[in-house]
Amino acid sequence: MDMNEYLDVFIEESKEHIQSLNNRLLELENDPTNMDTVNEIFRSAHTLKGMSATMGYKDLADLTHIMENVLDAVRNDKLKMNSAILDVVFEAVDNLEEMVLDIVDGGEGKKDVSATVAKLEAIEKGEAIVEVAATVDIAESTKSAVKSGAGELDQFEVAVLQQSEENGYSNFQINVSLQETCMLKAARVYMVFQILEQVGEVIKSKPTVSELEDENFDYDFTVILVTSESADDVKKKIMKVSEIAEVEISLFDYNVKVEEANETTTQVEVTAESTSGKSDEKVVQKTQVTSKTIRVNIERLDALMNLFEELVIDRGRLEQISATLKNPELQDTVERMTRISGDLQGIILNMRMVPIDQVFNRFPRMVRQLGKDLNKQFNLEITGADTELDRTVIDEIGDPLVHLIRNGLDHGIETPAVRKEKGKPEEGTLKLHAYHSGNHVIIEIADDGAGINKEKVLEKAISNGIVSKEAAGSLTDSQIHQLILASGFSTADKISDISGRGVGLDVVKNTIESLGGSISIESEFGKGSLFTIQLPLTLSIISVLLVEVHKEKYAIPLSSIIETAIVSKTEIMHAHNKQVIDFRGKVVPLISLKQVFNVPGDVEEDQFCSIIIIRQGEKMAGLIVDTFIGQQEIVLKSLGDYLGDIFAISGATILGDGQVALIVDTNALIK
């Protein structure tokens, strides 16, 4: 049986369980006596342990097992949860996450976590937590002298068997022999294990689960099973599997002196309560299996999107042919096809949409850790986490948001002592808010911290040569705030690991703009700052206004257009050697697309010109074109590596008549 086919599911479910552990541990920190939360954490850890063991990731399974023991002691009132214990459990979860990420990168999920293991063991025994140098791996730290037909048992496995016997369960050693004519050994083993999991819990197997799945054994294997059923019943159930030659079951005796094993070593509950909990888990799993959701690889959705994009191009061509021929039947069919493909487009785009919660859910844990590192008190408020965004955008936006939040907590929010002096609450507040606005998603990051010191920013910008002294005097507050997004700009007095490494926020700005978005800053010194990020809902199909400049067609995204106008050339004025017009009381500079893109052709003398007013933030400009063609939905195609960095062009599209139209990057023009 090839386990690789289950790897994707394992990785996705492991990430979900680790995220659940993080969220529940944060809840537990606020309410340490809530046993329901402890039980949920225990169940997530237990499921993760089972999945890891099944997939053959021993380090993952062993660390989760030890963590599970501590949680079990807490839920049995043998331990009281406190901040020190929580820190160690958080550390264990971080290690688990690193192991899973190693598996994602093609590794085997191995990591030296002996220091964390030693702390967890100390907590479990009620001893003081000691920082231990990481020298031995889990396998060595948990060795014991109990041997069985299923291999050597560690002290935790022996403790499980002791506990289960005390609670009236039977510990069986089961030897299963397959017929030598058996063709699919791994499949038979899988069926046997399914039966064993239904009647109890497998503690150990020899060969290991991964060796059995790889058919790396002859025809015999041995397991140790904890169950409430009789040996005869278990044997009958196993013998129902075809191609089983023989089943031998005997009571397993572990009465051998165990190194380091005493009453305080391990308490793993295998009571009727935990059995019922297990059956509950199975019920939940059944519900999940029958729920009408499936996981689809994003690459398949990309392939579907590419095919649909070709359909959109052909649809445009058909609409043109239909308009030329004016055949009523053809026109009806094309109209119907346009409606259906429009609905199909909506469905495909919705399939790619995922809640922004996938990005937001990592922040509470990060904020908690930063609070400890910076000796500050924060309250993180998240709203609109269910706002949906294209998967491609979600994948890219995580790092910029992390950078902005770390920047806000480090530079923005003051220490409790400073806040008290200023008459503010000692606990600072960081608000994260997401919402839809037209074809965009807006993400706001607001803090009630120190705000931006304009004088300091200007001084730094002048010394770095970002602006001249003369130009600095005419800058508005908003323009000064935008300076902190300039390359290499940092106002940090000292460099720290949190932020202020001289990298500045230019990386954030570049990433957001590469996604077709924009970022703006509002701030009041002493009161706080607000960073607003605007992102497109999707990146592949956009609405544009098609225009023509000397028989060349250009597409201008509708999201950046305020309005179109036809103005008389007598209304065009000159200021600072630039053409400008008076647009509703504002002086707006004009940009000729013919000059920007060096479009060949003679200048036509006309007393009127067509202008498109575009905007980015508070800046506006007017684009001079020859004619407006009309609004259209187009497919955004990359120009590829050969034509990568062309000024003010973000891509191209194929029109219905087969012509290529270049898509204008309005942000670059306004700059």
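# Exercises on a predicted model

Five strands build an open sheet in the order 8-10-11-13-12, with mixed pairing. The model is predicted: local features need pLDDT of at least 70, side-chain atom pairs count only at pLDDT 80 or more, and totals for chains, interfaces and linings use all residues. Residues are numbered from 1 along each chain as its sequence is written, and side-chain values use heavy atoms, with hydrogens and water left out.

**Exercise 1.** Find which strands stand at the edges of the five-strand sheet.

*Solution.*
- Start with the terms. Strands (E, at least two residues) and helices (H or I, at least four) are DSSP runs, numbered from the N terminus. Two strands pair if DSSP finds at least two bridges between them.
- Strand 8 (378–383) and strand 12 (518–524) are the edge strands. Each has a single partner strand, so one side of each lacks a neighbour in the sheet.
- Now the twist. Neighbouring strands of this sheet are turned by 15 degrees against each other on average, direction ignored. Axes are lines fitted to C-alpha atoms, for helices over the stretch in contact; angles run from 0 to 180 degrees between N-to-C directions.

**Exercise 2.** Describe the surroundings of strand 13.

*Solution.*
- Take one partner. Strand 11 (residues 440–447) and strand 13 (residues 528–536) are antiparallel and share eight bridges. Glu444 has Thr532 as its bridge partner in strand 13.
- Take another partner. Strand 12 runs antiparallel to strand 13, and seven bridges join them. Here Ser523 is bridged to Ser529 of strand 13.
- Look at the hairpin of strand 12 and strand 13. Three residues lie between the strands, and Gly526 takes a positive phi near 90 degrees.
- Check burial. Buried means under 20% relative accessible area, exposed over 50%, partly exposed in between (1.4 Å probe, protein chains only). Seven of the nine residues of strand 13 are buried, so the strand is largely enclosed by the rest of the structure.

**Exercise 3.** Locate the largest nonpolar core and the helix that gives the most to it.

*Solution.*
- Define the core. It is a set of buried Ala, Val, Leu, Ile, Met, Phe, Trp, Tyr and Cys residues joined through side-chain atoms within 4.5 Å.
- The largest such core has 51 residues. Those with the most contacts inside it are Phe360, Phe363, Leu401, Ile405, Ile443 and Leu535.
- Helix 16 (residues 391–412) gives the most, with eight residues.
- Place that helix. Helix 16 lies across strand 8, strand 10, strand 11, strand 12 and strand 13, at about 20 degrees to strand 11.
- Follow one residue. Contact means heavy atoms within 4.5 Å. Leaving aside neighbours within four places in sequence, Leu535 touches ten residues' worth of surroundings including Leu389, Val393, Ile397 and Ile443.**Exercise 4.** Test the length of helix 13 and name its buried residues.

*Solution.*
- The expected span is 1.5 Å times one less than the number of residues. Helix 13 (residues 328–351) has 24 residues, so it should span 34 Å. Its end C-alpha atoms are 35 Å apart, which agrees.
- Its buried residues are Val334, Ser341, Gln345, Ile348 and Leu349.
- These pack against helix 12 (298–325), strand 7 (353–355), strand 14 (541–549) and strand 22 (627–635).
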